[in-house]
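Here are some short exercises to help you find your way around a new structure. Try each task yourself before reading its solution.

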Amino acid sequence: MNIIKPRRALALILSLLTIFVITGCSTQSVKKNEKYVASVKSLVNDVVNLNRVLKEQNEEFNCHDPVSSEQLAETMDKLTDRFENILKLQAEKEFKTYDSELKEKAGEGLKIMTEYRMLVKYSEEKLDDKFYKNEKEELDKKYVDICADMRNLSSEIQTYWRNA
């Protein structure tokens, strides 16, 4: 009859325990990464879709029409929310570089959205959208680039995770 000696049994138990701990930590990290990648994808896709709505509403904006102003403001609020949520994401160390770039772009998008919001409010109060139209063109150029960069970063994050 073969009996395992106490030292060997203890060593075997410690080895198995170590494997379980390492595997558990790895599994937890994988889940956090999957959640991060899914959140980035979802939030950036929301920004892209809301930008389509924003573009249409911008083209139809009439400072004399309170409904038009309200709809535009609601879309801007939704975009602001998405940018803020991107800024709140917590990335694991594998994504720190991507995350910092993405948050930089989200911060810039948030700033531009705040400027858009102020222009709409000003136009609505003064019932004159000349200032809005002039300033909007400059903001649009920056904003389009920022959102394109965010889409690219989201794709890079997803590709990196698929290949990891």
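**Exercise 1. Find the residue that caps the N-terminal end of α2 in this predicted model.**

Solution. Start at the N-terminal end of α2, where the capping residue is Asp65. Then look at the atoms: a side-chain oxygen of Asp65 lies 3.2 Å from the backbone nitrogen of Val67.

**Exercise 2. Check whether the length of helix α2 agrees with its number of residues.**

Solution. Helix α2 covers residues 66–88, which is 23 residues. The expected span is 1.5 Å times one less than the number of residues. That gives 33 Å, and the end C-alpha atoms are 33 Å apart, so the two agree.

Next, look at which side chains of α2 are covered. Its buried residues include Leu72, Met76, Leu79 and Phe83, and also polar ones by name such as Ser68, Ser69 and Thr80.

**Exercise 3. Describe the overall fold of the protein chain in terms of helices and strands.**

Solution. Count the elements: there are four helices and zero strands. Reading along the sequence gives the pattern α-α-α-α. Now turn to contacts between residues at least 6 apart in sequence: 75% of them join residues at least 24 apart.

**Exercise 4. Work out which elements build the largest nonpolar core.**

Solution. The largest nonpolar core has 34 residues. Among those with the most contacts inside it are Tyr36, Leu79, Phe83 and Tyr143. Two or more residues come from each of α1 (6–60), α2, α3 (96–126) and α4 (130–163). This suits a general trend: in soluble globular proteins, nonpolar side chains tend to be buried together.

Take Tyr36 as an example. Leaving out residues up to four places away in sequence, Tyr36 touches Leu89, Gln90, Ala91, Phe95, Asp99, Leu102 and Ile157.

**Exercise 5. Decide whether Tyr116 is buried or exposed, and name its contacts.**

Solution. First, place Tyr116 in helix α3. Its relative accessibility is 1%, and the cut-off for buried is under 20%, so Tyr116 counts as buried. Beyond residues up to four places away in sequence, Tyr116 touches Met76, Lys136, Leu139, Asp140 and Tyr143. One of these partners, Lys136, is 20 residues from Tyr116 in sequence, yet their C-alpha atoms are 7.1 Å apart.

**Exercise 6. Say how many disulfides the structure holds, and whether Cys63 and Cys147 are buried or exposed.**

Solution. The number of disulfides is zero. Cys63 has 3% relative accessibility, so Cys63 counts as buried. Cys147, at 6%, counts as buried too.

Methods
Residues are numbered from 1 along each chain as its sequence is written. This is a predicted model: local features need pLDDT of at least 70, side-chain atom pairs count only at pLDDT 80 or more; totals for chains, interfaces and linings use all residues. Side-chain values use heavy atoms; hydrogens and water are left out. Buried means under 20% relative accessible area, exposed over 50%, partly exposed in between (1.4 Å probe, protein chains only). A polar contact is a pair of N or O atoms within 3.5 Å; within protein, one must be able to donate a hydrogen and the other to accept it, and residues adjacent in sequence count only if both atoms are side-chain atoms. A disulfide is a pair of cysteine sulfur atoms within 2.5 Å. A nonpolar core is a set of buried Ala, Val, Leu, Ile, Met, Phe, Trp, Tyr and Cys residues joined through side-chain atoms within 4.5 Å. Contact means heavy atoms within 4.5 Å.
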